[in-house]
Amino acid sequence: MDYAVIAQDLRKTYLVAEKDPGFLGTLRHFVRRRYKKIEAVLGVSFSLAPGEIVGFLGPNGAGKTTTLKMLTGLIYPSGGRAEVLGFVPFERKAAFLRQITLVMGNKQQLIWDLPVLDSLRINAAVYEIPAAEAERRTRSFARLLEIEDILTQPVRKLSLGQRMKAELMAALLHHPRVLFLDEPTLGLDVNAQAAVRAFIRDYARNSGATVLLTSHYMADIEALAERVIVIHEGALLYDGALGGLVERFAPYREVRLELAGPVPASRLAAYGEATVEGRTARVLVRREGLTRAVAEMLEELPVRDLAVEEPPLEEVIARVFSRGAV
């Protein structure tokens, strides 16, 4: 099978200078510097099929952004192999750069004092997109993102949500085949997040693009990705289906109870980890004992309503990170 993205034993090590505090420390730093090695990425391997949307998860400092930068050719790997659409990223060939994009929620490519439309025209010229085609793509993207009325406004006048939508337009104007998205909904309100997710999903579906998405908003991952890759401290922890992540790292189900009368948490603790707020309760029950526990709750407790759900994905991810190992 021909993969769109391949990372094989990918590694990145940084040498960071260490300096003692004070004036003498500064002098020693100039004369004889000490360095320490920071292992940002430790032999990560995965591959993405054409058209696949994959969530790339990990806590801050896990190595996600460093991995994306190696796959886009921004930094040179210390070891291993990276390949995107058959190209070696750090060679930064023009044919490669025309087929990828990198969107970072905390960075911008639009020119601050120019109207959005001018930045888009500059991008079109850089990628040698004919003017008529660039205009057609701009209108189409603006309509989908519902920002047709802000294209003539300076970027500095836009809200964060409007600016992020415009950033996406600029990043996708050349119709890339591989999207590397690093926190594309960072800081956006709920409505803007939903709009950005819908746009990314529609673009990927219509173009067949491959997407590698990092996000701290689990709603982004749940809405877009069926497969997730989890890294922690630079090492791969999990690569598989989103549902499999829950099965593997959350061996319990969440039982939500609406009670007719007060029940102490200590009573519910007999079934699993429990929290009680007024007459509602939440109990985490081991999967293998779920049927028995639910039957006993219905028989022994003043239950008005009961629902069994998967635990929230945020909680599952937090447990994965706290383990630090598979």
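This is a short talk on a few strands, helices and nonpolar cores in one structure.

Hi everyone. One thing up front: what you see is a predicted model.

Let's start with strand β3, residues 53-57. Is β3 buried or exposed? Well, five of its five residues are buried, so the strand is largely enclosed by the rest of the structure. If you look at its two faces, both are covered: Ile 53, Gly 55 and Leu 57 sit on one side, with Val 54 and Phe 56 on the other.

And which strands does β3 pair with? One is β7, residues 210-214, in the parallel sense over three bridges. There you'll find Val 54 opposite Leu 212. Another is β8, residues 227-232, also running parallel to β3 and joined to it by four bridges. On that side, Leu 57 stands opposite Val 230. In general, strands of a sheet pair through backbone hydrogen bonds, either parallel or antiparallel.

Hold on to Val 230, because we're going to the cores now, and here's the general idea: in soluble globular proteins, nonpolar side chains tend to be buried together. The largest nonpolar core here has 58 residues, and Val 230 is among those with the most contacts inside it, along with Leu 120, Met 169 and others. Helix α6, residues 160-172, gives this core its largest share, seven residues. Apart from that core lies another one, of 26 residues, and Leu 212, the residue we met in β7, is among them, as are Phe 46 and Phe 96.

Back to Leu 120 for a second. Setting aside neighbours within four places in sequence, Leu 120 touches Thr 138, Leu 151, Met 169, Ala 170 and Leu 173.

Now, helix packing. Helix α5, residues 131-145, and α6 have axes that come within 10 Å and cross at roughly 150°. That crossing is right-handed. Who meets whom? From α5 we have Thr 138, Phe 141, Ala 142 and Leu 145, and from α6 Lys 165, Met 169 and Leu 172. By class, that's five nonpolar residues, one polar and one charged.

Last stop: an open sheet of four strands, in the order β11-β12-β10-β13, with antiparallel pairing. The edges are β11 and β13, each pairing on one side only. On average, neighbouring strands are turned by 20° against each other, ignoring direction. Five bridges join β11 to β12, and Ala 274 stands opposite Val 283 in β12. Finally, helix α11, residues 290-300, lies across β10, β12 and β13, at about 165° to β13.

That's my tour, thanks!

Notes: Residues numbered from 1 in each chain as written. Predicted model: local features only at pLDDT ≥ 70, side-chain atom pairs only at ≥ 80, totals over all residues. Heavy atoms only, no water. Pairing = 2+ DSSP bridges. Axes fitted to C-alpha atoms, helices over the stretch in contact; angles between N-to-C directions. Contact = heavy atoms within 4.5 Å. Core = buried A, V, L, I, M, F, W, Y, C linked by side-chain atoms within 4.5 Å. Buried < 20%, exposed > 50% of the residue type's maximum accessible area, 1.4 Å probe, protein only. Left-handed = near helix turned anticlockwise from the far one by under 90°. Nonpolar A, V, L, I, M, F, W, Y, C, P; charged D, E, K, R; others polar.
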